[in-house]
Amino acid sequence: MELSGFLAAMREREELSLRGLKERAADLDHAYIYRLEKGDRTSPSVDVRQKLAQALRLSEREAQVLELLAEQSVDDALYRLMLTDLRTPWEDMRDAARLSFRGERPTTEEAWMKRIQMIQDL
């Protein structure tokens, strides 16, 4: 998952147009939001991320995912786990996303959970 896809999905969930999101996000320019959703702009400032999180009515976990996606993309299977498995501490999910791998990266939720378990066992 990329930041652009996440923002578009969250905006659609809220049934907002770009202008509707702009209205909720106070002084953010709708063209800037569009560029973020298209991937033409990346790494928005902390202030912009906070405004987007509030305007999109993100949960705490979703806001954490937004913060991570502003830094790096996340495998789709791990992304799904991040949003659905709220029992696993966020720090373990984030650390799994930041792992570097020799060879194959996990691509299924089960494989990611094994890696997360390894992190927790350390």
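1. A residue is called buried when its relative accessible area is under 20%, exposed when that area is over 50%, and partly exposed in between. By this definition, Phe-6 and Tyr-79 are both buried. The model discussed in this note is a predicted one, and the points below describe how its parts are arranged.

2. Phe-6 and Tyr-79 also form an aromatic pair, and the structure holds 1 such pair. The ring centres of Phe-6 and Tyr-79 are 6.2 Å apart and the ring planes stand at 90°, so the pair is classed as edge-to-face. Because Phe-6 belongs to helix α1 and Tyr-79 to helix α6, the pair ties together parts that are 73 residues apart in sequence.

3. Helix α6 deserves a point of its own. Which residues of α6 are buried? In this helix, which covers residues 76-84, they are Ala-77, Leu-78, Tyr-79, Leu-81 and Met-82. The spacing of positions in a helix is useful background here: an α-helix has 3.6 residues a turn, so residues three or four places apart point the same way. The buried residues of α6 pack against four helices, namely α1 (3-13), α5 (60-69), α7 (90-98) and α8 (109-121). At the N-terminal end of α6, Asp-75 acts as a cap, with a side-chain oxygen 2.9 Å from the backbone nitrogen of Ala-77.

4. The next matter is the nonpolar core. The largest core has 34 residues, and those with the most contacts inside it are Phe-6, Leu-7, Leu-52, Val-74, Leu-78 and Met-82. At least two residues of this core come from each of α1, α3 (30-38), α4 (46-55), α5, α6, α7 and α8. Helix α6 gives the largest share, 5 residues. Why does this core lie between domain 1 and domain 2? Domain 1 (1-73) and domain 2 (74-121) both contribute residues to the core, so it lies between them.

5. The division into domains can be described further. The chain is split into domain 1, residues 1-73, and domain 2, residues 74-121. Their C-alpha centres are 23 Å apart. The contact between the two involves 12 residues of domain 1 and 15 residues of domain 2.

6. Ser-73 is the last residue of domain 1 (1-73). Ser-73 sits in the loop between α5 and α6, and its relative accessibility of 39% makes it partly exposed. Along the chain, Ser-73 and Leu-3 are 70 residues apart, yet their C-alpha atoms are separated by 6.9 Å. When residues up to four places away in sequence are not counted, Ser-73 touches Met-1 and Glu-2.

7. Leu-52 was listed above among the core residues with the most contacts. Which residues does Leu-52 contact, leaving aside its neighbours within four places in sequence? They are Leu-7, Leu-21, Leu-28, Ile-33 and Leu-36.

8. Two glutamates offer a contrast in accessibility. Is Glu-37 buried or exposed? Glu-37, found in helix α3, has a relative accessible area of 11% and is therefore buried. Apart from neighbours within four places in sequence, Glu-37 is in contact with Ser-4, Leu-7, Ala-8, Arg-11 and Leu-18. Glu-23 belongs to helix α2 and, at 65% relative accessibility, counts as exposed. Glu-23 lies 13 residues from Met-10 in sequence, and the distance between their C-alpha atoms is 15 Å.

9. Two loop residues should be checked for their backbone angles. Ala-26, in the loop between α2 (18-24) and α3, has a positive phi of about 55° although it is not a glycine. With a relative accessibility of 54%, Ala-26 counts as exposed. Ser-43, in the loop between α3 and α4, is likewise not a glycine and has a positive phi of about 50°. The relative accessible area of Ser-43 is 47%, and this residue is partly exposed.

10. Finally, there is an annotation to place on the model. According to an unreviewed UniProt entry, residues 24-63 are covered by the annotation "domain: HTH cro/C1-type". Over residues 24-63 the chain is 60% helix and 0% strand, and the C-alpha atoms at the two ends are 16 Å apart.

Key:
Residues are numbered from 1 along each chain as its sequence is written. This is a predicted model: local features need pLDDT of at least 70, side-chain atom pairs count only at pLDDT 80 or more; totals for chains, interfaces and linings use all residues. Side-chain values use heavy atoms; hydrogens and water are left out. UniProt positions are given in the numbering used here, feature names are shortened, and annotations may be inferred rather than shown by experiment. Buried means under 20% relative accessible area, exposed over 50%, partly exposed in between (1.4 Å probe, protein chains only). Contact means heavy atoms within 4.5 Å. A polar contact is a pair of N or O atoms within 3.5 Å; within protein, one must be able to donate a hydrogen and the other to accept it, and residues adjacent in sequence count only if both atoms are side-chain atoms. A nonpolar core is a set of buried Ala, Val, Leu, Ile, Met, Phe, Trp, Tyr and Cys residues joined through side-chain atoms within 4.5 Å. Domain bounds come from an automatic or database domain assignment. Rings of Phe, Tyr and Trp (its six-membered ring) pair if their centres lie within 6.5 Å; planes under 30 degrees apart count as stacked, over 60 as edge-to-face and the rest as tilted.
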